[in-house]
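Dear colleague,

Please find below the structure that I am handing over to you, with its sequence. After it I set out what was found, with the cut-offs given where each term comes up.

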Amino acid sequence: MKSLQRGMDLPQLLFSLMFILIMIIACLWVVQPFILGFAWASMVVIATWPLMIRLQHLLWGRRSLAVIAMTILLLLLFIIPIALLVSSLIDNSAPVIAWATQRHLVFPDFVWLREIPYVGNKTYSSYHKMVDGGGTAILNQLQPYIGRTTGFFVAQAGHFGRFMIHLAVMLLFSVLLYWRGEQVGHGIRHFAYRMGGRRGDAAVLLAGQAIRAVALGVVVTALVQGVLGGIGLAISGIRYATLLTVLMILTCLVQLGPLVVLVPAIIWLYWSGDTTWGTILLVWSCVVGTLDSVLRPMLIRMGADLPMILILSGVIGGLIAFGMIGLFIGPVVLAVSYRLVSVWMHEAPAPDDDPQTAIEALAEHEEEQP
């Protein structure tokens, strides 16, 4: 009778699992348009939650006033600047694509190379030998690939309507999470505890720390450095300052710093004879370039000591997978996974350095098995 009863329960179990899977897939299908916005809002709220609590204490303990203040701060310091940056990037992208895709580019003469002491004439001669030996043909062969790459990055920013929808959804979810942050946090921790006990609860806390580390230590620092560097470029009269600002944000996200873009701009100003603005931009670049070592410890005390290859993979992979919003979500996802896997690996005892000892232990374990 027990075996028959078990046989009758098996179809019931299978149908129950099928029903649960169908419901999960249906729920994911319904909330799919809001997943990226909610993920972005979660990152922003987790990173700025201590600031919201401080504002609540300053505003007589009123959560509603603190939520309104945080919403205004998000609009003024995050959403509006990013929307204007992407809009300006789209407006100024046409000349760059036309330049990158044209076929009849030639190398400049670079007569000023002769003025370099000792090595100027030799460098100038070697440069012209390279050009005469097929440098222009090589450049013409590279133009289609340069054009495709430029077009890809501009196309990612070109979905302006969808990007604005993600910003609006992010702002809406941020307001809701600010208002009910404690309840949402307790619910997630209870769910994690039901799934993995104390380890699940610890995993949620570690994930929150990783999100705050990337959001404050990497993303905010990159945005501040990129925007300040872009202001310096615009004031100095550098063309396509908006595109260079986006490029600076990318280089700061991958931990290369803003000087990769600022130094060529300074050289260009000096070479074109505008020494005054070149000197001003040089001083401004020194301030922006050293801002990383000052701003990051102020934003986050735990430090964002994450591998550069992980941040680089998160930025590029997030851009390809999710578009412009992936610049912020990609590094966070990889950082959370990296921290969780790292803690899980360190929980295990260290392996023995002697291979023979490990082999003998394995043999003893196999002999003990019946």
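Phe 34, Phe 38 and Phe 173 form one aromatic cluster, where rings of Phe, Tyr and Trp (its six-membered ring) pair if their centres lie within 6.5 Å, and where planes under 30 degrees apart count as stacked, over 60 as edge-to-face and the rest as tilted. Before going further, please note that this is a predicted model, in which local features need pLDDT of at least 70 and side-chain atom pairs count only at pLDDT 80 or more, while totals for chains, interfaces and linings use all residues. Residues are numbered from 1 along each chain as its sequence is written, and side-chain values use heavy atoms, with hydrogens and water left out.

To return to the rings, the count by this rule comes to three aromatic pairs. In one of them, the rings of Phe 38 and Phe 173 have centres 5.4 Å apart and planes at 85 degrees, so this pair is edge-to-face. The pair links distant parts of the chain, since Phe 38 sits in helix 1 (residues 2-58) and Phe 173 in helix 5 (residues 160-179), 135 residues apart. Here helices (H or I, at least four residues) and strands (E, at least two) are DSSP runs, numbered from the N terminus. Is each partner of the pair buried, partly exposed or exposed? Phe 38 is partly exposed, with a relative accessible area of 37%, whereas Phe 173 is buried, at 19%; buried means under 20% relative accessible area, exposed over 50%, and partly exposed in between (1.4 Å probe, protein chains only).

As for the chain as a whole, there are twelve helices and zero strands. Of its 370 residues, 34% are buried. Among the contacts with a separation of 6 or more, 71% are between residues 24 or more positions apart, a contact being heavy atoms within 4.5 Å.

Next come two packings that involve helix 6 (residues 181-236). Helix 6 and helix 7 (residues 241-253) pack at an angle of about 150 degrees, with their axes 8 Å apart; the axes are lines fitted to C-alpha atoms, for helices over the stretch in contact, and angles run from 0 to 180 degrees between N-to-C directions. That makes helix 6 roughly antiparallel to helix 7, given that angles under 35 degrees count as roughly parallel, over 145 as roughly antiparallel, 65 to 115 as roughly perpendicular and the rest as oblique. The residues that make this contact include Val 218, Ala 222, Gly 226 and Leu 233 of helix 6, and Leu 244, Met 248 and Cys 252 of helix 7. By class, the contact of helix 6 with helix 7 divides into 13 nonpolar, five polar and no charged residues, where Ala, Val, Leu, Ile, Met, Phe, Trp, Tyr, Cys and Pro count as nonpolar, Asp, Glu, Lys and Arg as charged, and the others, Gly among them, as polar.

Helix 6 also packs with helix 8 (residues 259-271), at an angle of about 15 degrees and with the axes 11 Å apart, and the two are therefore roughly parallel to each other. Gly 229, Leu 233 and Ser 236 of helix 6 meet Val 261, Leu 262, Ala 265 and Leu 269 of helix 8, and the residues of this contact are five nonpolar, two polar and no charged.

Val 261 of helix 8 is buried, with a relative accessible area of 7%. Not counting residues up to four places away in sequence, Val 261 touches Leu 233, Leu 244, Leu 247 and Met 248. The C-alpha atoms of Val 261 and Leu 244 are separated by 7.0 Å, with their positions 17 residues apart along the chain.

Finally, some single residues may merit a look in your viewer. Trp 60, in the loop between helix 1 and helix 2 (63-91), has a positive phi, near 60 degrees, although the residue is not glycine; at 71% relative accessibility, Trp 60 counts as exposed. Arg 54 lies in helix 1 and is likewise exposed, at 63% relative accessibility, with its C-alpha atom 8.7 Å from that of Ala 66, twelve residues away along the chain. Leu 205, in helix 6, is partly exposed at 41% relative accessibility.

With kind regards
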